[in-house]
Amino acid sequence: MAFNQPLGGNEMPRFGGLPTMMRLPYQTTPEGLDACFVGIPMDIGTSHRSGTRFGPRQIRAESAMIRPYNMWTKVSPFDSLQIADIGDIAIDTFDLKQSVKIIEDAYDEILQHDVIPLTLGGDHTLSYPVLKAIAKKHGPVGLIHVDAHADINDLMFGEKIAHGTPFRRSHEDMLLDPARVCQIGLRASGYEAGDFDWPREQGWRVVQAEEIWYKSLAPLMKEVREQMGDGPVYVTFDIDSFDPAYAPGTGTTEPGGLTSHQGIELIRGLAGLNIVGCDLVEVSPPYDQTGATANLAANILFEMLCVLPGVKARS
């Protein structure tokens, strides 16, 4: 079987060609694919700086520099998985609740195929409808949530649906296995001392950013792999988990976050897990003047590809 390969820099200059993720082939459905990239260009769930509707397009543009082989892990996911970009979901840019329904329906259709979706966001609201579709196929999943914020608000301006509520809603809908939820990187100021206690009361593991300052994340990820076990796992990665020095192009920056190498180390630590879906959210190109945030996001998505089930290292 011939696997799709990213378009090489000697076949077409990296600034040319169609702007698909990693310059992979584009197809309209996930038929025949093992993994697919999906864009959700949405920012109507944001609470501060908007602009994440432009995230998928800019991540794709910055991904043009990524080559197919991971020089450290000795993995090329394109050796063993059939991967393509299936484009964007046409959300309703004037109606957040309708957009949530559109996303859930789109992922229901995607997941009729035996494929692992990797989502380019878009604001973090999108994780809720994606998880609704994922749980229909796989049952309650383990969740690895990398973020500066817990996103477990009950209400935001009286609304149940927004980018600060998806994991409260996911818990209420029993989409998550509470014993297999881990939130990493939470930090910054809050309203009261107990702001991060609600997740802990549900049985989730919460790793605040201060716990991992100056540290390798390899020991933590060993513990996370043990926590997740063999069950299905969903990975959601908010770009604001990174310190703004590495990722300024997002809506709610918080100092004291992950370094870029910690983020890469974290994803590499997921190898061997039964990952059934991933997302990378909250890239806001209007606040990303150099493209550094979208470039980092694209590389994190490549690292996610490299740890998916079925990927084999080259001998």
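**Close-up views of a predicted model**

**View A. The contact between helices α7 and α8 in this predicted model.** On the α7 side, S260, G263, I264, I267 and R268 take part, and they meet L296, I300, E303 and M304 of α8. Sorted by the character of their side chains, the residues of this contact comprise five that are nonpolar, two that are polar and two that are charged. Helix α7 covers residues 260-268 and helix α8 covers residues 292-306, and their axes, which come within 9 Å of each other, cross at roughly 20°. Because angles under 35 degrees count as roughly parallel, α7 is described as roughly parallel to α8. The crossing of these two helices, α7 and α8, is right-handed.

**View B. The surroundings of Q227 in helix α6.** Q227 belongs to the helix formed by residues 218-228, and a polar atom of its side chain lies 3.0 Å from the backbone oxygen of V181. Leaving aside residues up to four places away in sequence, Q227 touches A179, R180, V181, C182 and R205, so that V181 appears both in this list of contacts and as the residue whose backbone oxygen faces the side chain of Q227.

**View C. T46 in the loop between β1 and α1.** The loop that holds T46 lies between strand β1 (35-40) and helix α1 (55-62). Within this view, the side chain of T46 reaches the backbone oxygen of D43 at 2.7 Å. When residues up to four places away in sequence are not counted, the residues touched by T46 are T52, D123, H163 and E282.

**View D. A cis peptide bond between G121 and G122.** The bond that leads from G121 to G122 is cis, and its omega is near 15°. G122 itself is found in the loop between strand β3 (116-121) and helix α3 (127-138).

**View E. Positive phi at K74 and at Y214.** K74, although it is not a glycine, has a positive phi of about 65°, and this residue lies in the loop between α1 and β2, the latter being residues 83-88. With a relative accessible area of 39%, K74 is partly exposed. Y214, which is not a glycine either, also has a positive phi of about 65°, and its place is in the loop between β6 (205-208) and α6. Y214 counts as exposed, because its relative accessibility is 82% and the cut-off for exposed is over 50%.

How values were computed. Residues are numbered from 1 along each chain as its sequence is written. This is a predicted model: local features need pLDDT of at least 70, side-chain atom pairs count only at pLDDT 80 or more; totals for chains, interfaces and linings use all residues. Side-chain values use heavy atoms; hydrogens and water are left out. Axes are lines fitted to C-alpha atoms, for helices over the stretch in contact, and angles run from 0 to 180 degrees between N-to-C directions. Helices (H or I, at least four residues) and strands (E, at least two) are DSSP runs, numbered from the N terminus. Angles under 35 degrees count as roughly parallel, over 145 as roughly antiparallel, 65 to 115 as roughly perpendicular and the rest as oblique. A crossing is left-handed if the near helix is turned anticlockwise from the far one by less than a right angle, and right-handed if clockwise. Contact means heavy atoms within 4.5 Å. Ala, Val, Leu, Ile, Met, Phe, Trp, Tyr, Cys and Pro count as nonpolar, Asp, Glu, Lys and Arg as charged, and the others, Gly among them, as polar. A polar contact is a pair of N or O atoms within 3.5 Å; within protein, one must be able to donate a hydrogen and the other to accept it, and residues adjacent in sequence count only if both atoms are side-chain atoms. Buried means under 20% relative accessible area, exposed over 50%, partly exposed in between (1.4 Å probe, protein chains only).
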